[in-house]
Structures are given as structure tokens and as C-alpha cells.
Amino acid sequence: MRELSVGEAAKRSGLAVSALHFYERKGLIRSLRTAGNQRRYGSDVLRRLAVIRVAQRVGVPLEAVRRAFSSLPDERTPTREEWARMSAAWREELEERIALLVNLKDRLTDCIGCGCLSLTACALANPGDALAVEGGGPRRWEPG
């Protein structure tokens, strides 16, 4: 497997060197060290970095990415089947996120979902502040 310096990995992935160091500290990627104590990454790290970037864009927490990566081999590029198994584990979580975002999109203008009576529309969506008995915080974000 071809090894990349930290600079090469950063350039190829479009990330800052500091981001690679951060992801390594979080256990998302790993490096080898040369005799001179320089980091070297296997070329398979580029795929992992791409997955991390996409996951972050859609709001998947880094801890979830780390857990998913723990099912993949460290010593080689994962197979298509291994990637498919890992991504399938996210499917349900992503479906829930999509439902929450659609709910947010559909309701954000009329009601912020917290039971607050400071918006005129909330008096219609939450007559008599009925949601207050459920406690503070957003009450209408969860799909009904």
C-alpha cells in the first residue's frame, strides 16, 4: 500500500493537516511513524477522510463515525461489502434525521416547536400553552 505524508494526505483529502491530527486523536484514522517520527498514512485513509467529511455535512456525530469505522479493517482498504455493511448501520439514523429536518422545514415558519407564546402563530399551535406541562425545550421537533 502506498504511504502518504501528512501533507500529501491533507492535500489529497482537501483537509487541513490539523484536521488529520484531530481525526487521528479521535481514533477515526491512524498513521504509522517513520524512523524520524514522521506520520505516514496508508492511501486507504483518503476514503475514510471522504466518509468523515460527508458524514459531518449531514450531521452524523464523529463518535458515530468512529463506531462505524471500528467494524472496518485497519490494515487494508475495506471491501465494497464491508463499506455497505457499515453504511447500512447509518441508514436508520439518517432516516430519522431526514424526518426531523423535513419537520423543521415544514414547521419552522409557523412554530419554533418549543411551546413559546412569544410568536403570534404559537398561540394557534399551542393553545393555552398546553405544551408547558411537558417541560421546557422543543416539543414539536419530533415527528408525530
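Which helix is the place of Ser13? Ser13 sits in helix H1, and we'll come back to that residue shortly.

Hi everyone, a word on the model before we start. This is a predicted model, where local features need pLDDT of at least 70 and side-chain atom pairs count only at pLDDT 80 or more, while totals for chains, interfaces and linings use all residues. Residues are numbered from 1 along each chain as its sequence is written, and side-chain values use heavy atoms, with hydrogens and water left out.

Let's begin with the overall layout. The protein chain has six helices and three strands; helices (H or I, at least four residues) and strands (E, at least two) are DSSP runs, numbered from the N terminus. Along the sequence, the pattern reads β-α-α-β-β-α-α-α-α. The accessible surface is about 9,200 Å², and carbon and sulfur atoms hold 54% of that surface; the areas come from the Shrake-Rupley method with a 1.4 Å probe, and for residues only the protein chains shown count as cover. Of the 144 residues, 28% count as buried. Here buried means under 20% relative accessible area, exposed means over 50%, and partly exposed is in between (1.4 Å probe, protein chains only).

Now the sheet. The three strands make an open sheet in the order S1-S3-S2, with antiparallel pairing; two strands pair if DSSP finds at least two bridges between them. Strand S1 (3-5) and strand S2 (32-33) are the edge strands, each pairing on one side only. Between S1 and strand S3 (residues 39-42) there are three bridges, in the antiparallel sense. Glu3 stands opposite Gly42 in S3.

On to the core. Which residues touch the most other members of the largest nonpolar core? They are Phe69 and Trp90, out of 25 residues in that core. A nonpolar core, by the way, is a set of buried Ala, Val, Leu, Ile, Met, Phe, Trp, Tyr and Cys residues joined through side-chain atoms within 4.5 Å. Five helices each supply at least two of its residues: H1 (6-13), H2 (17-25), H3 (45-57), H4 (62-69) and H5 (80-107). The largest share, six residues, comes from H3. As a general point, nonpolar side chains in soluble globular proteins tend to be buried together.

If we set aside neighbours within four places in sequence, Trp90 is in contact with Val51, Ala55, Val60, Ala64, Val65 and Ala68; contact means heavy atoms within 4.5 Å. H4 has Ala64, Val65, Ala68 and Phe69 as its buried residues. Down the axis of H4, these buried residues fall within an arc of 135°, so they line one face of the helix; the arc is that of the directions from the helix axis to the C-beta atoms.

Finally, three residues to click on. Back to Ser13: this serine is buried, with a relative accessible area of 13%. Outside its neighbours within four places in sequence, Ser13 contacts Leu20, Leu46, Leu49 and Arg53. Its C-alpha is 8.6 Å from that of Arg47, 34 residues apart in sequence.

Is Arg48, in helix H3, buried or exposed? Arg48 is buried, at a relative accessible area of 5%. Leaving aside neighbours within four places in sequence, its contacts include Phe69, Asp74 and Trp83.

Arg30, by contrast, is partly exposed, at 42%, and lies in the loop between H2 and S2. Arg30 and Val45 are 7.9 Å apart, C-alpha to C-alpha, with their positions 15 residues apart in sequence numbering. Thanks, everyone!
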